[in-house]
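Here's a quick briefing to read alongside the model. Have the viewer open and follow the topics in order.

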2 protein chains.
Amino acid sequence: MSKPGTPGGQEFDAQGFARGIHELLVLAALREGPRHGYQIALDVEAHSNGVFRFRHGTLYPILHRMDAKGLIHGRWSSGKGRRKKVYSLTDGGRRHLSGEADRVQDIMSGLMRMLRRARKVPA
Amino acid sequence: MSKPGTPGGQEFDAQGFARGIHELLVLAALREGPRHGYQIALDVEAHSNGVFRFRHGTLYPILHRMDAKGLIHGRWSSGKGRRKKVYSLTDGGRRHLSGEADRVQDIMSGLMRMLRRARKVPA
DNA sequence: CGATAATATATCGGTAATCGATATGATGTT
DNA sequence: AACATCATATCGATTACCGATATATTATCG
């Protein structure tokens, strides 16, 4: 259904896509400055008008994964107050963000093109 | 992180999202007329410029699932030639398509709003 | 006419990630 | 003092995509 050497470039990988969106949301939130996990969840929920929402059983493993991948870097805040792990964007994360944002944009236009014909036409 | 009774409406369920896209692609393809599975895969790939692509280990289980859910209906073509199972949209499938297309559109705008600030600015 | 490629469907095991539940503890509020 | 909220962490169940594999039929080409 497609040779291995397809040049394509912007393919859709269903498995990686939801994961990709989550990581993108984290990166987009951190782009505005360092934040700790709980705050990231609040920011994402607020900025997306409640469309995107992190369950904490999902959030923290994602942050650990992204830290291990070098996309973000977490440090325990040394100050007083509640213990928080503050994450910042790494250079790799910044690069990843701008590249993936374009990629997702392309994939979305592809999806929209297919759905446009199918959209409910207002009477 | 959010009360159970949140009215929200258009929430993002990461688990169901990739699945939702696959089903949407099938429905969108069938909207143009009845087709058998293999043809659906070719259509989707062509209409999306190769962005979306069904692996056959993915395609057929999805078709079975959607048939069981009553979104599409498959019949073995009685004519000669290769044995094909031809699928058509059910009324439920048609309803699901127009509803979900709107929903996905909303979710996408939410995502785009968050990414817009993060997009690579052309030098 | 014999070999091969493309068409067409089906299923299974491995893998990976979300999700809900559960745990822990500090801080602020009444 | 009691309670809600903030804040992080982990585990088991579930789900479903994906590659590999199997089976058959039809078209193509030498």
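The contact between the two chains draws 41 residues from chain B and 39 residues from chain A, with a contact meaning that two C-beta atoms, placed from the backbone, lie within 7 Å. Keep in mind that this is a predicted model, where local features need pLDDT of at least 70, side-chain atom pairs count only at pLDDT 80 or more, and totals for chains, interfaces and linings use all residues. Residues are numbered from 1 along each chain as its sequence is written, while chains are lettered from A and ligands numbered from 1 in the order in which they are written.

**Where the chains meet**
- On the side of chain B that touches chain A, H1, H2 and H4 of chain B each supply at least two residues; helices (H or I, at least four residues) and strands (E, at least two) are DSSP runs, numbered from the N terminus.
- H4(B) provides the largest share of that side, 13 residues.
- By class, that side of chain B splits into 21 nonpolar, twelve polar and eight charged residues. Here Ala, Val, Leu, Ile, Met, Phe, Trp, Tyr, Cys and Pro count as nonpolar, Asp, Glu, Lys and Arg as charged, and the others, Gly among them, as polar.

**Symmetry**
- A turn of 180° and a shift of 0.0 Å along the axis lay chain B on chain A with an RMSD of 0.1 Å, and that is the relation of a two-fold axis. The superposition is by least squares on the C-alpha atoms of residues with pLDDT of at least 70 in both copies.
- The same surface serves both copies, as 95% of the contact residues of chain B recur in chain A.
- Within chain B, the residue closest to the rotation axis is B:Ala18, at 3.3 Å (C-alpha).

**Fold and core**
- Chain A has four helices and three strands, in the order α-β-α-α-β-β-α along the sequence.
- Of its 123 residues, 28% count as buried, meaning 20 or more other C-beta atoms within 10 Å of their own (exposed is 12 or fewer, partly exposed in between, with C-beta atoms placed from the backbone).
- The largest nonpolar core has 55 residues, and A:Leu25, A:Val26, B:Leu25 and B:Val26 touch the most other members. Such a core is a set of buried Ala, Val, Leu, Ile, Met, Phe, Trp, Tyr and Cys residues joined through C-beta atoms within 7 Å.
- Neighbours within four places in sequence aside, A:Leu25 is in contact with A:Val44, A:Phe52 and B:Met114.

**Helix H2 of chain B**
- B:Gly37, B:Ile40, B:Ala41 and B:Val44 are buried in this helix, residues 37-47. They cover an arc of only 100° around the axis, so they sit on the same side of H2(B); the arc is that of the directions from the helix axis to the C-beta atoms.
- Those buried residues pack against H1, strand E1 (35-36), H3 and strand E3 (85-89) of chain B.
- Just after H2(B), B:Asn49 takes a positive phi of about 55°.

**DNA strand D**
- Of the 26 residues around DNA strand D, the nearest are A:His36, A:Gly37, A:Tyr38, B:Arg19 and B:Gly57; near means a C-beta atom, placed from the backbone, within 6 Å.
- H3(B) gives the most to the surface near this strand, five residues.
- That surface has seven nonpolar, eleven polar and eight charged residues.
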